[in-house]
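Student: I would like to take a close look at a single part of this structure. Please go slowly and explain each term as it comes up.

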There are 2 protein chains.
Amino acid sequence: MSRFLSDRLKALEPYTPGEQPQILNLIKLNTNESPFPPSEKAVANATCEAEKLQLYPDPECKKLTEEIAELVGVAADEVLVTNGSDEILNFAFMAYCDTENGAAFPDITYGFYKVFAQLGSIPYIEIPLTDSLEINLEEYKGIGKTIFIANPNAPTGIFIEPEEIEEVIKANPDSVVVVDEAYVDFGGRSCIPLIKKYDNLLVTQTFSKSRSMAGARLGFGVGCKALIQDLNTIKYSTNPYNINRMTMAAGLGVLADEEYTQANCKTVCENREYTQKALKELGFDVTGSKANFIFAKHPSVSGEKIYQGLRDRKILVRHFSAERICEYNRITVGTKNQMDAFLDAIRAILKEELK
Amino acid sequence: MSRFLSDRLKALEPYTPGEQPQILNLIKLNTNESPFPPSEKAVANATCEAEKLQLYPDPECKKLTEEIAELVGVAADEVLVTNGSDEILNFAFMAYCDTENGAAFPDITYGFYKVFAQLGSIPYIEIPLTDSLEINLEEYKGIGKTIFIANPNAPTGIFIEPEEIEEVIKANPDSVVVVDEAYVDFGGRSCIPLIKKYDNLLVTQTFSKSRSMAGARLGFGVGCKALIQDLNTIKYSTNPYNINRMTMAAGLGVLADEEYTQANCKTVCENREYTQKALKELGFDVTGSKANFIFAKHPSVSGEKIYQGLRDRKILVRHFSAERICEYNRITVGTKNQMDAFLDAIRAILKEELK
């Protein structure tokens, strides 16, 4: 830290991304990436666009915004495209929270919400999940704060029906409710249709998971026109050319290949159910995830031991040290082969630890 | 604007990017893009990387950071790579300014500084350029504010020698001085060597202009290790994966093709001198730019008329409405053919207006 850093940032603890180690033949199940390559149409489009890099991208992202709007069934002025969904989440904290207007989110959820709040000197409350790691929506009703709910939640993968979230939106008419649907494409249902009914709902999604584009950085938000105008004001006040040409083109490519996306999501769901079932048979508690990851703990072997045992076998999953979840590991759902290798490793670890 | 937008942002006036009209056969000299395609190595690298989009990019940008550090002659921990140089300028405003610690910059300069300040509710002063549109460095000495100087300045193109800027850095030991060198590669000299001597200097540059990569979004900052740590804290608190895989790869490609960059810069400088000379012969006042653009006004024909006359002839330049510079136009330096077409159009306009 330099002696010049603003006082308000001196205690800021940045987000820690999942590790990206350079281990040969590693099975990487730690950052919820897709196990499938990007759509060929995405690759072809990006390749073509790379030849025009001397020109600025379209700051309005017009075509891509229109295509996303069509995909999710809203108007183009109800969509804002961003550099990953982290960017639109940050914009939402900037737009709808300040030192007077705080934020509320679960104590166990996407770790970035807390960082965004701290960055903006925004007071926030973390509402504890229930003992079964579920979001207790009752506690959010009439709370009078900007609400951030990941649905499915991370790292639990637990999904809440939009009809239940609607009750929270309805019960907070003077606060914005942000529903972060990064993982909604793996068996969940989106809250997007509700934006027609509520002016206080912002839904965010990403191309990183279901569309195999984590490396391209593409996310978006959907809300009523006025919310999107607010967020556009922030975009044009931070980084108007936030989406580069290649990513924009790749996004259009994958949207033209929706069957590929759907087929991949279906496979991930099948592999998830297969793996969750096998883990249960091995004695694990699993949360019943509807995301592209599994959250699981064993009653007799610690989360740390399992994490380390897997790592020793060149399988990387994500382990969190927070007290309430330190017995769990979060395992990204990969291909069937990767899941079998993972389960073999788990069996070997249990055999060793329980002998 | 929604009824939810934070009070502190209600008066915010976002930055207006140069227009990107879809006019057939337009000669586009309005956003200071390179007239040359990206390096073939950049294109090849990006193309190759597009096939791995399912994986997150390296949040540390390790390899690219190292290569940039080598290019500019500093250590890797003295460099931060960002999503265009707008991102690092925004980070600098966030890190080194707050409601207590204001900013200072010229009244006529890159229009985004004012927007960043307003976004952060940062008090700022705009120090008038001299009558000859030069930055009067004396006024910045001992000012006790975070200083932003574009060098060469925009839209004047006027360059200040690093030795003169050093006096400002030296005279403000307790404030950060940010030197924005977006246009330094066209005949200027960088302040980067001074970071070894001063812990309060941050220099920013971009791949958008001299490296033909405006469409890829790549910029960087150079400063002492502690400053880079500060800015990294902000990066990891806003968007850790700020550089996508394709842009990172393209950046490595163009750095491996430095001769191409140097040759393009040389051509731009030659075309600039050629065009500035021709404009002077036609009676224009030119500021003597060292950037990839020319700033010129005619004593008898208004800036607005010239802008419109060029536009009618399918040549787009940038015109600003601010009082002190509304008689000028900013003309991006293109290829020799583009400059000849521009000069022909100017001759036709003068003939028409002065008959």
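Tutor: Start at B:F295, whose bridge partner in strand β12 of chain B is B:R330. The model is a predicted one, where local features need pLDDT of at least 70, side-chain atom pairs count only at pLDDT 80 or more, and totals for chains, interfaces and linings use all residues. To read the names, note that residues are numbered from 1 along each chain as its sequence is written, that chains are lettered from A and ligands numbered from 1 in the order in which they are written, and that side-chain values use heavy atoms, with hydrogens and water left out.

Strands here are DSSP runs of E with at least two residues, helices are runs of H or I with at least four, and both are numbered from the N terminus. Two strands pair if DSSP finds at least two bridges between them. By that rule, β10(B) pairs with β12(B), residues 328-332, in the antiparallel sense over 5 bridges. β10(B) also pairs with β9(B), residues 285-286, again antiparallel, over 2 bridges. One bridge there joins B:V286 to B:A296. Between β9(B) and β10(B) lies a hairpin with 6 residues between the strands, where B:G288 takes a positive phi near 75°.

How enclosed is β10(B)? We call a residue buried under 20% relative accessible area, exposed over 50%, and partly exposed in between, using a 1.4 Å probe and protein chains only. In β10(B), residues 293-297, 4 of the 5 residues are buried, so the strand is largely enclosed by the rest of the structure.

Now turn to chain A, where an open sheet of 3 strands has the order β9-β10-β12 with antiparallel pairing. Its edges are β9 (285-286) and β12 (328-332), each with a single partner strand, so one side of each is left without a neighbour in the sheet. β9(A) is joined to β10(A) by 2 bridges, and A:V286 has A:A296 as its bridge partner.

How are the two chains related? After superposing by least squares on the C-alpha atoms of residues with pLDDT of at least 70 in both copies, a rotation of 180° with 0.0 Å of shift along its axis brings chain A onto chain B, with an RMSD of 0.0 Å. The copies are thus related as by a two-fold rotation axis. In chain A, the C-alpha nearest that axis belongs to A:T47, 2.4 Å from it. Of the interface residues of chain A, 100% are also interface residues in chain B, so the copies meet through the same surface.

For a helix to set beside the strand, try α2(B), residues 62-72, where B:L64, B:T65, B:I68, B:A69 and B:V72 are buried. Judged by the directions from the helix axis to the C-beta atoms, these buried residues fall within an arc of 135°, so they line one face of the helix. The face turned away carries the exposed residues B:K63 and B:E70. Counting contact as heavy atoms within 4.5 Å, the cover over the buried residues of α2(B) includes β2 (79-82), β8 (219-223) and α7 (245-255) of chain B. After the helix comes B:G73, with a positive phi near 80°.
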